[in-house]
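Work through the following exercises with the sequence and the model side by side, and try each task before reading its solution.

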Amino acid sequence: MSMPPYGVKPGRRRAGPHRCPSVWHALGWTVLSAAVPGSGFLHNRRQRLGALVFLVSLVGVVWVGLEAPHNLSAALDLAFSPSRLTRAAIETAVCLVLWVAVVVGTFVVLRPRPAEPRWHLMGGSALVGALCLVVVAPVGLVVRDAFAQAHVVNEVFTHNQTATRPTDVTPEDPWNGRSRVNVLLLGGDSGPYRDGTRTDTMMLASLDTRTGRTVTFGLPRNLMDVPFPENSPLNTVYPNGFTGPGDPGSWMLNAVYREIPILYPHILGRSADEGADAIKQAVEGATGLPVDYYVLVDFTGFRQLVDAMGGITVNVNVPVAINGQTDAGIPPTGYIEPGPDQHLDGFHALWYARGRYGADDYQRMSRQRCVVNAIIDEANPVNLLRRYQALAAAGGRVVTTDIPKELLPAFVQLALKAKDHKARSVLFRSSTTFNPGAPDFDYMHQVVQQALAPPARHRHHAESPTQVDQDACAYNPGQSY
């Protein structure tokens with residue numbers, strides 16, 4: 001006669017695992033286990049396993065509650081920190097796999113013995129698979145986008161050291177006492193039929209590091225004789241400003257980016273973008289403001305970026321030509337017709353920003369400012385989430401900058417502050433007091449300082465004819481700023 005196992009009293013049998021009487025009962029417990037991991041194992045009388053799963057899940061929920069971003073600012077900090085984002089994506093993927101294992105394992109241990117019709121078990125298994133898919137699909141997309149975001153940040157914001165980038169800043173002290181940080185925004189055209197890149201769009205954005213208040217300065221591409229800072233090696237080789245023999249077009253401000261690295265390679269030191277160093281110093285000489293960083297958007301990929309966003313919406317006040325050359329007498333192939341709230345795809349947005357036929361540079365600069373505003377408007381969280389993969393793919397090909405990734409959290413916080421204030425815009429355009437062919441740089445410096453003065457101060461000054469504070473992006477039929 002066999003003896004009972006040690007610890008079990010004679011005459012009593014140890015209770016075995018409990019299975020549900022039907023597939024539908026098993027499905028009910030499986031759904032409950034999906035919401036409260038471990039409950040199904042406890043019902044199955046696997047107390048140790050169920051308790052372990054439940055406690056691990058509870059610790060995980062508490063940890064996520066403590067670590068997850070609780071506001072937009074914290075979420076953006078996470079989005080621009082590749083290491084944290086990658087770690088979070090990996091941890092999420094591991095948790096997702098474990099959750100699926102718990103859900104499937106619960107159904108397997110609770111389903112009845114094969115006494116019910118086979119189609120009941122097959123149907124139950126299909127429903128469990130569907131339950132897993134409903135959760136796995138959206139979470140999987142989030143994990144995919146997190147990896148894509150980390151890749152874009154690493155691609156754009158690493159290995160981008162320039163010779164003119166500040167070296168006295170840290171993530172803990174990103175401005176090092178600076179009251180303003182100045183970022184040069186460039187639009188470059190490096191199309192297949194152009195030799196090198198010309199920066200036909202140049203805007204200097206000066207941001208108050210405390211409040212985020214922003215003033216932008218639009219510089220004409222045909223600005224001549226641009227000086228370089230006195231302490232720059234370029235000032236030694238160009239003591240009278242950026243000028244020389246030959247085609248005057250090769251000595252305009254928009255040629256600095258292309259020409260300086262060719263004429264004087266490595267003159268400013270080791271750099272990931274020598275052209276950017278040169279144009280930063282040229283703009284500093286023109287405006288009197290030190291240029292800390294730059295951001296270059298390549299027009300070759302601009303079309304892809306706008307298409308990835310689903311287009312932009314702008315007000316078109318006058319017809320804007322597509323193609324065409326005024327000087328050569330080549331007519332346009334079409335027009336962007338006037339109208340309020342015109343939704344433009346990448347092709348038409350590109351021509352809206354750069355179309356020259358029948359228009360001057362200043363009208364084009366005003367349109368480019370409107371395009372920048374429209375892109376900011378389209379960059380809302382819902383649109384970014386819906387189109388993230390396309391945006392990430394386009395962004396890595398379109399944007400170059402020397403902003404280091406370590407300072408991205410600080411720039412994100414500053415950008416959030418900037419959105420709370422309306423930016424003040426100054427456009428240096430040809431007038432009775434300003435001639436880009438023979439510019440008075442002392443006058444430009446004075447205008448810049450007046451624009452940066454606190455609002456209570458610059459109200460006492462007469463508005464310069466170069467300043468454009470009216471909303472050139474509003475719908476005013478026939479009005480071209």
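**Exercise 1: Enclosed space**

Task: state how many cavities of 30 Å³ or more the count gives, and describe the second largest.

Solution. The count comes to four cavities of 30 Å³ or more, where a cavity is a set of points, on a 1 Å grid over the protein atoms alone, at which a 1.4 Å probe fits but cannot get out. Grid points are joined across faces, edges and corners, and a volume is the space filled by probe spheres set on the points. The second largest cavity has about 130 Å³, and among the 14 residues lining it, Met-203, Gly-218, Met-365, Arg-369 and Leu-427 are closest to its centre; lining residues have an atom within 4 Å of a point. Two or more lining residues come from each of β2 (198–208), β3 (214–218), α12 and β10 (424–427), with α12 giving the largest share, four residues. Helices (H or I, at least four residues) and strands (E, at least two) are DSSP runs, numbered from the N terminus.

The model is predicted, with local features needing pLDDT of at least 70 and side-chain atom pairs pLDDT 80 or more, while totals for chains, interfaces and linings use all residues. Residues are numbered from 1 along each chain as its sequence is written, and side-chain values use heavy atoms, leaving out hydrogens and water.

**Exercise 2: An open site**

Task: find which residues lie nearest the centre of the second largest pocket.

Solution. A pocket is an open set of points with protein on both sides within 12 Å along at least five of seven lines, and the second largest holds about 600 Å³ of space. Of its 20 lining residues, Arg-221, Gly-324, Gln-325, Thr-326 and Arg-356 lie nearest the centre, and the elements that give two or more residues to this lining are α11 (346–354) and α12 (361–378).

**Exercise 3: Helix α1**

Task: compare the expected and actual span of α1, then locate its buried residues.

Solution. The expected span is 1.5 Å times one less than the number of residues, so the 13 residues of α1 (residues 23–35) should span 18 Å, which agrees with the 19 Å between its end C-alpha atoms. Buried (under 20% relative accessible area, 1.4 Å probe, protein chains only) are Val-23, Ala-26, Leu-27, Thr-30, Ser-33 and Ala-34. These residues cover an arc of only 120° around the axis, which puts them on the same side of α1, the arc being that of the directions from the helix axis to the C-beta atoms. The buried residues of α1 pack against α2 (39–43), α5 (82–110) and α6 (118–157).

Conventions
Buried < 20%, exposed > 50% of the residue type's maximum accessible area, 1.4 Å probe, protein only. Contact = heavy atoms within 4.5 Å.
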